Amino acid sequence: LDVNNNTVENGSVTFTVMTGGGSLASSTSTSNASGIVTVPAWTLGNTAGSNTVKAALTVDSTVFVTITATGTAGAISAAQSTITAADSSLTVGSTNTTTVTLQSRDQYGNAVSSASGAVIFSVTSGVIGTATNSNGTYTATYSAANTSGIATVSATYDGTATGTTTV
């Protein structure tokens, strides 16, 4: 709209990605007969969270609006998810325990807080409990074996191997 509140046909608007990365199919767009401008195709960045684009009049960049979209994490990636043990070594015996954690991440390394699949931890020696899920972070308690040696802890998410760690 112009200063007299009339629609502006063929008005040029410049679009700029401000936060979140990503890209626009075009950096400019022109208003139609009703004065409406369509945002060019916008691909959000790879990092989950806020993404913003500034749309400013080409003739006066002080007249602008900010458009916001929120990117969310994608599906769990076995290659990006991490499995860790709170302690790297324990004394022999089942009274010595450590927490094992699988942090689910998507293909870009974003934490997947909405993960709800089944995680199963397994070990080469000792005992590991059932996994519990807290916003995509899965934990279980590992109890050391009665014999010395290195135990390998593995995790699967919905049947897909997601990593290993040793205790």
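**A three-stranded sheet and the core beside it**

In this predicted model, Y157 stands opposite T160 of strand β14. Y157 is one of the residues along β13, and that strand, residues 152-157, pairs with β14 in the antiparallel sense over 6 bridges. The two strands form a hairpin with 2 residues between them, and D158 in this hairpin takes a positive phi near 50°.

β13 also has a partner in β9. The two run antiparallel and are joined by 5 bridges. One facing pair is V123 and V153, the latter in β13. Taken together, 3 strands make an open sheet in the order β9-β13-β14, with antiparallel pairing. β9 (119-123) and β14 (160-166) stand at the edges with a single partner strand each, so one side of each has no neighbour in the sheet. From one strand to the next, the twist averages 20°. Strands of a sheet pair through backbone hydrogen bonds, and the pairing can be parallel or antiparallel.

The next point is where the side chains go. In a regular strand, they alternate between the two faces of the sheet. β13 shows this alternation: V153, A155 and Y157 point to one face and are buried, whereas T152, S154 and T156 point to the other face and are not buried.

Buried residues lead to the question of cores. In soluble globular proteins, nonpolar side chains tend to be buried together. Which residues touch the most other members of the largest nonpolar core? They are V100 and F121, in a core of 18 residues. At least two residues of this core come from each of β7 (82-85), β8 (97-103), β9, β12 (137-143) and β13. The contacts of F121, leaving aside neighbours within four places in sequence, include I83, V100, L102, I128 and Y138. V153, S154 and A155 are also among the contacts of F121. A second core is separate and has 5 residues, including F15, L24, V53 and A55.

Two asparagines remain to be described. N10 lies in the segment before β1 (12-19), and its phi is near 65°, a positive value in a residue other than glycine. Is N10 buried or exposed? Its relative accessibility is 56%, so N10 counts as exposed, the cut-off for exposed being over 50%. N135 sits in the loop between β11 (132-134) and β12. Phi of N135 is also positive, near 55°, and at 57% relative accessibility N135 counts as exposed.

Key. Residues are numbered from 1 along each chain as its sequence is written. This is a predicted model: local features need pLDDT of at least 70, side-chain atom pairs count only at pLDDT 80 or more; totals for chains, interfaces and linings use all residues. Side-chain values use heavy atoms; hydrogens and water are left out. Two strands pair if DSSP finds at least two bridges between them. Helices (H or I, at least four residues) and strands (E, at least two) are DSSP runs, numbered from the N terminus. Axes are lines fitted to C-alpha atoms, for helices over the stretch in contact, and angles run from 0 to 180 degrees between N-to-C directions. A nonpolar core is a set of buried Ala, Val, Leu, Ile, Met, Phe, Trp, Tyr and Cys residues joined through side-chain atoms within 4.5 Å. Buried means under 20% relative accessible area, exposed over 50%, partly exposed in between (1.4 Å probe, protein chains only). Contact means heavy atoms within 4.5 Å.
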